[in-house]
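Work through the exercises below with the sequence and the coordinates at hand. Each task is followed by a solution in steps.

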Amino acid sequence: MTLSQAEFAFVSNLVRKEASIVLAPGKEYLVEARLIPVARAVGAPNVNEFIGDLQKRPNPAHQRKIIDALTTNETSFFRDREPFAALTDVVLPELIKSRATVRKLRFWSAASSSGQEAYSLAITLQETLPAGWTYEILGTDISTAMVDRAQKAEYSQVEVNRGLAATQLVQYFERAGAHWRIIPALRKNVSFKHMSLTAPFPPMQPFDVIFLRNVLIYFDVATKRQVLQNAAKILRPDGLLFLGAAETTIGIDDNYERVAAGRTSAYRSRTAAPAGAARRG
């Protein structure tokens, strides 16, 4: 069975309201495919009856399952290598100089999915920071299911084969049955919590680097602008914001400027002093 126009409109309105994600017409097949396991899990015979029942009797828990299912969670360790290379080669050496008195860094993985990005940042910091330095990494995601997975820190053989070097697997993971688990020494520096980027941000201490990658592409321009403005409030004056390769602040929020960072680019406040990156324009 395929979704009716009314059923698709109900789901797309729900996702737009709760997650600011735009589901344009033509995505009916995608929505149905993502919701088949959800319908089965709650005991509905099919997606149509699952949605029909929600239309008649709203159920916040079931609506959350829809949001979780339709939130794109594609990720891997060290996804798009260049931002991590930029951290190692350019950004961290400069931050080490500018933070020499505090010897502590704070990072935010703002759409952390199942945690691979946050743990990739932890491995990068572990391998780059001098002895005596500490770091904190916060991972947030709108999907409660993904936050639970990230906190568990266990990954399949297929997942660890995507992006990790064999030496990193041996050094930073331990066997957990058929899976691999991040070792406690690395896990202690990383925390996760549920958070919607499109709602008012909760109180957070400033970050030296924010990874806000591959999530703005799902928002309309007004939502992108609001997210970027909120991120700027918790980014240190000389901190850097990394976006996805297909994302930019240009034409959306002029309070940022794009800067070169190794072979990729990042963004910082136009009023800030340079910190590990050269002005690009």
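The exercises treat helices first, then single residues, in what is a predicted model.

**Exercise 1. Length and faces of α1**

Task: Check the length of helix α1 against 1.5 Å a residue, and find which residues of α1 are buried.

Solution:
- Step 1. Helix α1 runs over residues 5-19, which makes 15 residues.
- Step 2. The expected span is 1.5 Å times one less than the number of residues, so α1 should span 21 Å. The end C-alpha atoms of α1 are 21 Å apart, in agreement with that value.
- Step 3. With buried meaning under 20% relative accessible area, the buried residues of α1 are Glu-7, Phe-8, Val-11, Ser-12, Leu-14, Val-15 and Ala-19.
- Step 4. Viewed down the axis of α1, these buried residues fall within an arc of 155 degrees, so they line one face of the helix.
- Step 5. Gln-5, Asn-13 and Lys-17 are exposed, on the face of α1 turned away from its buried side.
- Step 6. The packing partners of the buried residues of α1 are α2 (28-41), α3 (47-56) and α4 (60-70).

**Exercise 2. The contact of α1 with α3**

Task: Describe how α1 and α3 pack, giving the angle and the distance between their axes, and list the residues that meet.

Solution:
- Step 1. The angle between α1 and α3 is about 65 degrees, and their axes are 10 Å apart.
- Step 2. The crossing in which α1 passes α3 is left-handed.
- Step 3. From α1, the residues in contact are Ala-6, Glu-7, Phe-10 and Val-11. From α3, they are Asn-48, Ile-51, Leu-54 and Gln-55.
- Step 4. Sorted by class, the contact of α1 with α3 holds five nonpolar, two polar and one charged residues.

**Exercise 3. Val-15 and Leu-35**

Task: For Val-15 in helix α1 and Leu-35 in helix α2, determine burial and list contacts, not counting residues up to four places away in sequence.

Solution:
- Step 1. Val-15 has 2% relative accessibility and so counts as buried.
- Step 2. Outside its sequence neighbours up to four places away, Val-15 touches Ser-20, Ile-21, Leu-23, Ile-66, Ile-67 and Leu-70.
- Step 3. Leu-35 has a relative accessible area of 0% and is therefore buried.
- Step 4. With the same exclusion of up to four places, Leu-35 touches Val-11, Val-47, Ile-51, Ile-66, Ala-69 and Leu-70.
- Step 5. For distances, Leu-35 and Phe-50 are 15 residues apart along the chain, and their C-alpha atoms are separated by 9.0 Å. Val-15 and Leu-216 are 201 residues apart along the chain, with a C-alpha separation of 15 Å.

**Exercise 4. Length and burial of α6**

Task: Repeat the length check for helix α6, residues 116-128, and state how many of its residues are buried.

Solution:
- Step 1. Helix α6 has 13 residues, so at 1.5 Å a residue it should span 18 Å.
- Step 2. Its end C-alpha atoms are 18 Å apart, which agrees.
- Step 3. Of the 13 residues of α6, 10 are buried, and the helix is mostly covered. Among them are Tyr-119, Leu-121, Ile-123 and Leu-125.

**Exercise 5. Positive phi**

Task: Where do Phe-78 and Ala-153 lie, and what is the phi of Phe-78 and of Ala-153?

Solution:
- Step 1. As background, most residues other than glycine have a negative phi.
- Step 2. Phe-78 is not a glycine, yet its phi is positive, about 50 degrees. Phe-78 sits in the loop between α4 and α5 (82-98), and at 6% relative accessibility it is buried.
- Step 3. Ala-153, also not a glycine, has a positive phi of about 60 degrees. Ala-153 is in the loop between α7 (144-152) and β3 (154-155), and its relative accessibility of 0% makes it buried.
- Step 4. Ser-20, which follows α1, has a positive phi near 60 degrees.

**Exercise 6. Two strand residues**

Task: Are Glu-154 and Leu-240 buried or exposed?

Solution:
- Step 1. Glu-154 belongs to strand β3. Its relative accessible area is 14%, so Glu-154 is buried.
- Step 2. Contacts of Glu-154, leaving out residues up to four places away in sequence, are Arg-149, Glu-159, Ala-176, His-179, Trp-180 and Arg-181.
- Step 3. Leu-240 belongs to strand β8 (residues 235-243). Its relative accessible area is 2%, so Leu-240 is buried.
- Step 4. The C-alpha atoms of Leu-240 and Tyr-256 are separated by 9.9 Å.

Technical notes. Residues are numbered from 1 along each chain as its sequence is written. This is a predicted model: local features need pLDDT of at least 70, side-chain atom pairs count only at pLDDT 80 or more; totals for chains, interfaces and linings use all residues. Side-chain values use heavy atoms; hydrogens and water are left out. Helices (H or I, at least four residues) and strands (E, at least two) are DSSP runs, numbered from the N terminus. Buried means under 20% relative accessible area, exposed over 50%, partly exposed in between (1.4 Å probe, protein chains only). The arc is that of the directions from the helix axis to the C-beta atoms. Contact means heavy atoms within 4.5 Å. Axes are lines fitted to C-alpha atoms, for helices over the stretch in contact, and angles run from 0 to 180 degrees between N-to-C directions. A crossing is left-handed if the near helix is turned anticlockwise from the far one by less than a right angle, and right-handed if clockwise. Ala, Val, Leu, Ile, Met, Phe, Trp, Tyr, Cys and Pro count as nonpolar, Asp, Glu, Lys and Arg as charged, and the others, Gly among them, as polar.
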